[in-house]
Amino acid sequence: RLLREAVSAEGRGCEASVFCGDIRSVEMKETERFDVVVAELLDAGGLGEKIVAFMRHAKSSLLRPDGEVVPQGLRIMAALMNVRLAAASMDDDNEAVDMSALEMFWLPARASASEWIGIDLDGGAACTPASEAVEVFQLNFMGPQADLVKALQERELRFPLVDGRSSSSVNRCNVIAWWFEADVGGGEPG
């Protein structure tokens, strides 16, 4: 449906092709290559689903020399976090484990199936930042292949700590939050 709308908006004589399937199985002759390849290969961490390998294949086998891929880039960010943990307590009459701190990880509809999910740090999770956010990787899918290889090389990261201590707490880190920002062509991460 979207293809028909786009073609009608461009007017008569506009041609478009859509291929749905595993991008690795598609090879195009140089004269039939695409102007744009759009890939929805992003998981919650950004690098899952082999997006780097897929984008490399798209550039080498599917795009015209001046073609574009979407997303054009990814910026992977991370921060150290302090998440409230489960607590055990014991009094004269009872032993108890308070598991409420783990509720943010639990999908209530699937509680009986023991399924876990990622957490929404903006949705009221019981956590506080222990460090500033730092850039882990900056990937430019429009640049040369060698730049991707260089960007993904192992490196030492330093997390500048934030002073989140109060008189009754200790600053600690027990979680690394990891997220991505995607450049979908407007030049601004989103």
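1. Let's start with Glu181. In this predicted model, Glu181 comes out as partly exposed, with a relative accessible area of 23%. Buried would need a value under 20%, so at 23% Glu181 stays in the partly exposed class.

2. What does the side chain of Glu181 pair with? Its salt-bridge partner is Arg75, at 3.7 Å from N to O. Strand E8 (residues 175-183) holds Glu181 and strand E3 holds Arg75, so this salt bridge ties together parts of the chain that are 106 residues apart in sequence. Arg75 is partly exposed too, given its relative accessibility of 28%.

3. On the overall tally, the structure holds 4 salt bridges. Another one to look at is Asp35 with Arg64, where the side chains meet at 2.9 Å, N to O. This pair also links distant parts of the chain: Asp35 sits in strand E1 (residues 34-38) and Arg64 in strand E2, 29 residues apart. As for solvent, Asp35 has a relative accessible area of 47%, which makes it partly exposed. Arg64 counts as partly exposed as well, at 31%. If you're colouring by class, keep in mind that exposed starts over 50%, so Asp35 at 47% doesn't get that label.

4. Next, Arg158 and Glu156. They form a salt bridge whose closest N and O atoms are 2.9 Å apart. Buried or exposed? Arg158 is exposed, with a relative accessible area of 66%, and Glu156 is exposed at 60%.

5. Which residues do shared salt-bridge partners join into one network? Those are Arg75, Glu135 and Glu181. That brings us back to the Glu181 and Arg75 pair from the start, with its 3.7 Å N to O distance.

6. Last, a residue from the loops: Gln72. You'll find Gln72 in the loop between strand E2 (63-70) and strand E3 (73-83). Gln72 counts as buried because its relative accessibility is 13%, and the cut-off for buried is under 20%. What does Gln72 touch, leaving out residues up to four places away in sequence? The list is Leu139, Asn140, Phe141, Met142, Asp183 and Gly185. One of these, Asp183, falls in strand E8 (residues 175-183), the strand that also holds Glu181.

Terms used: Residues numbered from 1 in each chain as written. Predicted model: local features only at pLDDT ≥ 70, side-chain atom pairs only at ≥ 80, totals over all residues. Heavy atoms only, no water. Helix = DSSP H or I, 4+ residues; strand = E, 2+ residues; numbered from the N terminus. Buried < 20%, exposed > 50% of the residue type's maximum accessible area, 1.4 Å probe, protein only. Contact = heavy atoms within 4.5 Å.
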